[in-house]
Amino acid sequence: MGVAVRVIPCLDVDAGRVVKGVNFTDLRDAGDPVEMARVYDAEGADELTFLDVTASSGGRATMLDVVRRTAEQVFIPLTVGGGIRTTDDVDTLLRAGADKVSINTAAILRPELLREASRRFGAQCIVLSVDARTVPEGGKPTPSGWEVTTHGGRRGTGIDALEWAQRGQELGVGEILLNSMDADGTQAGFDLKMISAVRAVVDIPVIASGGAGAVEHFPPAVAAGADAVLAASVFHFGQLRIKDVKDGLRAAGVEVR
């Protein structure tokens with residue numbers, strides 16, 4: 001059997017606080033990302049993703065502090081994304097204790113950043129985050145019918161999502177974090193068509209994100225080609241526990257840790 005499928009909670013962090021509310025009963029401070037990370041680690045999460053949604057550069061020092069404090073207390077891999085523009089930004093986060101760095105907008109503006117970062121730090125540290133959606137009515141058509149977006153899915157780029165994933169692999173990234181903006185927030189299930197389409201054009205691991213709402217949504221995402229499954233609100237609001245998702249995957253014959 002291949003590598004075990006990873007289950008990854010994602011936390012949106014703004015100026016050092018978790019943004020989308022959480023209602024874990026066992027938390028002293030539901031807004032503290034370090035506290036949340038500790039709970040997820042104890043619950044059996046395989047990795048954690050922090051998305052720094054702070055717009056101001058002033059919030060960056062706060063985020064580094066969060067990463068440092070998390071790395072001291074939590075021993076599962078930590079990926080940090082949001083606002084990374086240069087290889088020095090990557091360096092700073094890795095030194096603070098991140099294991100991987102996820103790059104989105106900066107790579108669209110200058111794809112060469114991906115090659116520079118993966119050469120300098122190793123492919124295993126660099127994740128290309130692809131926020132993809134169906135091209136809207138009146139939008140510029142793409143070969144696959146999906147386009148890459150920025151600004152949380154609000155702004156289309158006209159870049160074909162499949163071509164961009166392939167390009168990321170060519171430039172040396174270690175993983176693709178595939179966010180379906182169509183499925184995001186719906187809790188109606190992962191975007192299986194998009195996952196399998198991306199899986200068909202890249203060999204590197206694909207992390208599926210967007211749409212998780214129930215335990216039974218996870219096995220089809222893996223069957224479609226996801227190597228890891230990521231979710232946010234369903235975990236934070238206690239609708240699903242990590243253990244339930246892993247049990248569901250196991251029951252479907254999927255190898256998990």
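**Entry 1: enclosed spaces**

A cavity here is a set of grid points where a 1.4 Å probe fits but cannot get out. I looked for such spaces in this model, which is a predicted one. I found two cavities of 30 Å³ or more.

I took the largest cavity to begin with. Its space comes to about 50 Å³. I listed its lining as I8, E47, T49, T79, S102, V127, L177, I207 and L230. I then sorted that lining by class: five residues are nonpolar, three are polar and one is charged.

Next I turned to the second largest cavity. The volume there is about 30 Å³. L178, S180, F190, D191, M194, I195, A208, S209 and G210 line this cavity. Which elements each supply at least two residues of that lining? They are β9 (175–180), α7 (192–201) and β10 (206–209). By class, I noted five nonpolar residues, three polar ones and one charged one in the lining of the second largest cavity.

**Entry 2: the largest pocket**

I moved on to open spaces. The largest pocket has a volume of about 1200 Å³. I noted 44 residues in its lining, and those closest to the centre are L51, V53, N104, D131 and G152. I also checked which elements give two or more residues to this lining. Among them are the strands β1 (6–14), β3, β5 (100–103), β6 (126–134), β9 and β11 (228–231). The helices α4 (105–109) and α9 (233–236) are on that list too. How does the pocket lining divide by class? I have 16 nonpolar, 19 polar and nine charged residues.

**Entry 3: a nonpolar patch**

I looked at the surface for nonpolar side chains. V19, L51 and V53 form a patch there. Together they have about 200 Å² of accessible area. I had already met L51 and V53 among the residues closest to the centre of the largest pocket. I placed V53 in the loop between β3 (48–52) and α2 (59–73). Is V53 buried or partly exposed? It counts as partly exposed because its relative accessibility is 37%.

**Entry 4: salt bridges**

Side chains of opposite charge can pair when their charged atoms come close. I searched the whole structure for such pairs and got 20 salt bridges. I followed up some of them.

I started with R69 and D32. Their closest N and O atoms are 3.0 Å apart. The pair links distant parts of the chain, with the two positions 37 residues apart in numbering. R69 is in helix α2, while D32 sits in the loop between β2 (17–18) and α1 (33–43). I checked the cover of both partners. R69 has 29% relative accessibility, so it counts as partly exposed. D32 has 13%, so it counts as buried.

I then looked at E116 and R110. Their side chains meet in a salt bridge of 2.9 Å, N to O. E116 is partly exposed, with a relative accessible area of 33%. R110 is partly exposed as well, at 38% relative accessibility.

K243 and D247 came next. I read 2.8 Å between their closest N and O atoms. Where do they sit along the chain? Both are in helix α10 (residues 242–251), and because they are four residues apart, about one helical turn separates them. K243 counts as exposed because its relative accessibility is 52%. D247, at 31%, counts as partly exposed.

I also found a network of salt bridges that links R6, E47, K100 and E175. I had seen E47 before, in the lining of the largest cavity.

**Entry 5: backbone angles**

Most residues other than glycine have a negative phi. I looked for exceptions and noted H151 and Q187.

H151 is not a glycine, yet its phi is positive, at about 55°. I placed H151 in the loop between β7 (146–150) and β8 (155–160). H151 is partly exposed, with a relative accessible area of 38%.

Q187 also has a positive phi, near 55°. Where is Q187? It lies in the loop between β9 and α7. I had met both of those elements in the lining of the second largest cavity. Q187 has a relative accessible area of 29%, so I wrote it down as partly exposed.

Note on methods:
Residues are numbered from 1 along each chain as its sequence is written. This is a predicted model: local features need pLDDT of at least 70, side-chain atom pairs count only at pLDDT 80 or more; totals for chains, interfaces and linings use all residues. Side-chain values use heavy atoms; hydrogens and water are left out. On a 1 Å grid over the protein atoms alone, a cavity is a set of points where a 1.4 Å probe fits but cannot get out, and a pocket is an open set with protein on both sides within 12 Å along at least five of seven lines; lining residues have an atom within 4 Å of a point. Grid points are joined across faces, edges and corners, and a volume is the space filled by probe spheres set on the points. Ala, Val, Leu, Ile, Met, Phe, Trp, Tyr, Cys and Pro count as nonpolar, Asp, Glu, Lys and Arg as charged, and the others, Gly among them, as polar. Patches are made of residues with over 30% relative accessible area and no salt bridge: like charges are joined within 9 Å, nonpolar side chains (Val, Leu, Ile, Met, Phe, Trp, Tyr) within 5 Å. Accessible areas come from the Shrake-Rupley method with a 1.4 Å probe; for residues, only the protein chains shown count as cover. A salt bridge is a side-chain nitrogen of Lys or Arg within 4 Å of a carboxyl oxygen of Asp or Glu. Buried means under 20% relative accessible area, exposed over 50%, partly exposed in between (1.4 Å probe, protein chains only).
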